[in-house]
Amino acid sequence: MKGFINIFKSEGMSSAYAVGAVKKKFNMPCGHMGTLDPMASGVLPVGVSKASRLFQYLLDKEKTYIARFRFGYSTDTLDITGEKTQETNVIPSEQQIKSILNKFIGEIDQVPPKYSAKCIDGKRGYQLARQGIEFSLAPKKVSILNIELIGKISDDEYEFKIDCKGGTYIRSLARDIARECNSLAVMSKLIRTRCGVFTLENSVTIERLKEIEDIDSLLIPSDTAVSFPKAVLTNEQATRILNGLYDHLGYEDGLYRVYNQSEFWGVGQSKDGILKIKAYVR
């Protein structure tokens with residue numbers, strides 16, 4: 001039994017708790033992709049058994065978030081759960097915000113939040129921040145595909161739809177959009193509605209997971225989570241590859257979903273016509 005369970009993580013729940021519930025239900029090793037903060041909700045893909053070996057090939061998948069940013073102050077965590085650090089009377093208008101959003105679309109440099117899992121000299125940023133240790137994080141390249149201002153929620157709060165790739169911090173985006181408007185802001189709400197093929201429509205709540213008996217029906221097949229072209233091998237070719245015997249199979253350089261006839265074996269990489277299995281999930 002292997003594949004993915006797309007958990008809808010509710011607000012106030014840790015990602016670790018959600019994974020633990022899946023592990024308990026299936027009684028098998030599990031792992032998750034793309035941790036959601038406890039204050040956030042939305043889709044949390046969990047790999048059951050060997051399916052989690054595919055996560056490294058899903059990290060660049062596109063993600064969609066619905067986020068709310070509250071303007072007028074900042075916090076040490078860049079969201080409403082943190083301690084207030086600064087305040088301002090400047091609240092930008094819808095027109096002001098719309099006029100600067102294009103600056104954040106494309107590949108941009110983004111400084112991660114200090115309260116994050118980024119490593120500094122072997123320690124997590126949030127560990128150092130909680131100890132009051134001063135440090136700085138270098139900007140990193142992130143890819144934002146689109147930002148749409150959905151509308152105004154209250155006098156100081158706006159809602160956005162954000163399409164981005166892995167590694168983007170929405171909290172940092174709140175900080176930077178506000179800064180561009182000569183203001184301050186924090187993330188006040190976050191829902192992840194899509195992570196690659198994992199969407200709200202094919203997600204399941206923890207409550208539903210605990211109730212259902214036919215758990216096989218919840219599994220999303222491993223091969224549907226990756227979008228590489230197919231490489232279908234004969235039994236002889238597959239056996240030779242697994243035994244470390246590599247023949248020139250003629251596949252162009254790149255990554256492939258590898259099948260032994262109809263059975264999905266995992267992700268393989270072809271180089272100079274030689275195909276090797278990189279993530280074996282059979």
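This report describes the overall fold, one helix, the aromatic contacts and the internal cavity of a predicted model.

**Overall architecture**

The protein chain comprises six helices and 18 strands. Its C-alpha atoms fill a box of roughly 70 × 45 × 40 Å along the principal axes. Of the 282 residues in the chain, 48% are buried. When contacts between residues at least 6 apart in sequence are considered, 68% of them join residues at least 24 apart.

**Helix H4**

Helix H4 spans residues 170–180 and is mostly covered, with nine of its 11 residues buried. The buried residues are Ile170, Arg171, Ser172, Leu173, Ala174, Arg175, Asp176, Ile177 and Ala178. Against which elements do the buried residues of H4 pack? Their partners are helix H2 (94–100) together with five strands: E4 (63–71), E7 (106–110), E10 (140–154), E11 (157–164) and E12 (185–195). Just after H4, Asn182 adopts a positive phi of about 60 degrees.

**Aromatic contacts**

Eight aromatic pairs are present in the structure. In one of them, the ring centres of Tyr259 and Phe264 are 5.3 Å apart and the planes meet at 55 degrees, so the pair is tilted. The angle lies between the limits of 30 degrees for stacked and 60 degrees for edge-to-face pairs. Both partners are buried: Tyr259 has a relative accessible area of 4%, and Phe264 has one of 10%, each under the 20% cut-off. Elsewhere, Phe4, Phe55 and Phe198 form one aromatic cluster.

Two lysine residues also place their charged ends over tyrosine rings, as listed below.

| Charged residue | Ring | Distance from ring centre |
|---|---|---|
| Lys230 | Tyr259 | 4.8 Å |
| Lys276 | Tyr246 | 4.9 Å |

Tyr259 therefore takes part both in the tilted pair with Phe264 and in the arrangement with Lys230.

**Internal cavity**

Rolling a probe the size of a water molecule over the atoms shows where empty space is left. A search of the whole structure finds one cavity of 30 Å³ or more, and the largest cavity holds about 40 Å³ of space. Which residues line the largest cavity? The lining consists of Gln237, Ile241, Leu245, Tyr246, Asp247, Leu249 and Leu275. By class, five of these residues are nonpolar, one is polar and one is charged. Tyr246 thus belongs to the cavity lining, and its ring also lies beneath the charged end of Lys276.

Methods:
Residues numbered from 1 in each chain as written. Predicted model: local features only at pLDDT ≥ 70, side-chain atom pairs only at ≥ 80, totals over all residues. Heavy atoms only, no water. 1 Å grid on protein atoms, 1.4 Å probe; cavity = no way out; pocket = protein on both sides within 12 Å on 5 of 7 lines; lining within 4 Å. Points joined across faces, edges and corners; volume = space filled by probe spheres on them. Nonpolar A, V, L, I, M, F, W, Y, C, P; charged D, E, K, R; others polar. Buried < 20%, exposed > 50% of the residue type's maximum accessible area, 1.4 Å probe, protein only. Helix = DSSP H or I, 4+ residues; strand = E, 2+ residues; numbered from the N terminus. Contact = heavy atoms within 4.5 Å. Phe/Tyr/Trp six-rings, centres within 6.5 Å; stacked < 30°, edge-to-face > 60°. Lys NZ or Arg CZ within 6 Å of the ring centre and 35° of its normal.
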